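Here's a quick look at one helix and what packs around it, followed by some whole-chain numbers. Have the viewer open while you read.

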Amino acid sequence: KGNREIITNYYRQRVYLYDTGIVSDEEKDLIPTVEKCIVQFGCRVILIDNLMTAIDLFNEKGEKLEIQEKICKKLARMAMEYNVLILLIAHKRKGQGYNVSDDNDEVLGSSEITNLADVVMSYERPNKKDIEKGEYSEDQRLMKVTKNRTGNGKIDFKGVVLDYDEASKRIYALNDTGAAERPEKCFIESEEFTDVTENPFD
C-alpha cells in the first residue's frame, strides 16, 4: 500500500475534515460549526487552521483585532463548557524589527490570542545562524511551550528538536528512522475522533 492509502485508512473513524473551500458561503459560520462537530459528531479535538481563516468565517462585524478577541473568547468558553481540546493556529509576525521579551508577544494580532489560551506552543525553523553553526540541520524544527496553565505548568523556551521531511511535509520525533515506514503514526493515537464521510452540513 502507498502512504496516502495507509494514512487514509488510519484516520477513517478517527478524523472529520471540514473544508471551507467546498461549502457554500451560507454554511461558513465558525462557532456554530465547531459546536455542531462537538455536540452532534462527538469530536473531542478541534484543530482550526488558521486564525485568519477563522476571521473570514466569523459572522459578526467589527475591527480585525476586535473579531480576533471575540473568536478566542468564544472558543475558550466552548473548550471549557464541553471539556474538549481546541487547537487554534496563529502565525507569528513576519520580518525583523520586533524586539519582544516574551515569545507569546510575537503572535500576529491581538494579545488576547495568547492571553486566553491555557497552553501556547510554537513551531518554527531554527534560525539561520544556528544552522550555519551546525547546532541544527535544515531538516529539523523546534517545538516550544511558551505558556502552560495545565498539569505541571512546565514551560520549555529552548524547545524540543523534531525531524521534518520536506517531501511529505511530515514531522517526526528526532532520529525516528523508522517513521517513514509507519506513515499512519503522523496521527494521534486516539479513538476520540469522529469520521464523517459525507458533508453533514448539507
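In this predicted model, the buried residues of α4 are covered by a mix of helices and strands, including α2 (30–39), β1 (45–49), α3 (51–56), β2 (85–89) and α5 (112–115).

So which residues of α4 are buried? They are Ile67, Gln68, Ile71, Cys72, Leu75, Met78 and Ala79. Why do they end up on the same side of α4? Because they cover an arc of only 130 degrees around the axis. The general rule behind that kind of pattern: an α-helix has 3.6 residues a turn, so residues three or four places apart point the same way. Flip over to the other side of α4 and you'll find Arg77, Met80 and Glu81 exposed.

As for its geometry, α4 spans residues 64–82, which is 19 residues. From first C-alpha to last, α4 reaches 27 Å, close to the 27 Å expected at 1.5 Å a residue. Right after α4 comes asparagine 83, with a positive phi near 55 degrees.

Zooming out, the chain has 6 helices and 6 strands, and from the N terminus they run α-α-β-α-α-β-α-β-α-β-β-β. Some whole-chain values:

| Chain property | Value |
|---|---|
| Buried residues | 33% of the 202 residues |
| Contacts between residues 24 or more positions apart | 54% of the contacts with a separation of 6 or more |
| Accessible surface | about 13,400 Å² |
| Part of that surface belonging to carbon and sulfur atoms | 49% |

Key:
Residues are numbered from 1 along each chain as its sequence is written. This is a predicted model: local features need pLDDT of at least 70, side-chain atom pairs count only at pLDDT 80 or more; totals for chains, interfaces and linings use all residues. Side-chain values use heavy atoms; hydrogens and water are left out. Helices (H or I, at least four residues) and strands (E, at least two) are DSSP runs, numbered from the N terminus. Buried means under 20% relative accessible area, exposed over 50%, partly exposed in between (1.4 Å probe, protein chains only). Contact means heavy atoms within 4.5 Å. Accessible areas come from the Shrake-Rupley method with a 1.4 Å probe; for residues, only the protein chains shown count as cover. The expected span of a helix is 1.5 Å times one less than its number of residues. The arc is that of the directions from the helix axis to the C-beta atoms.
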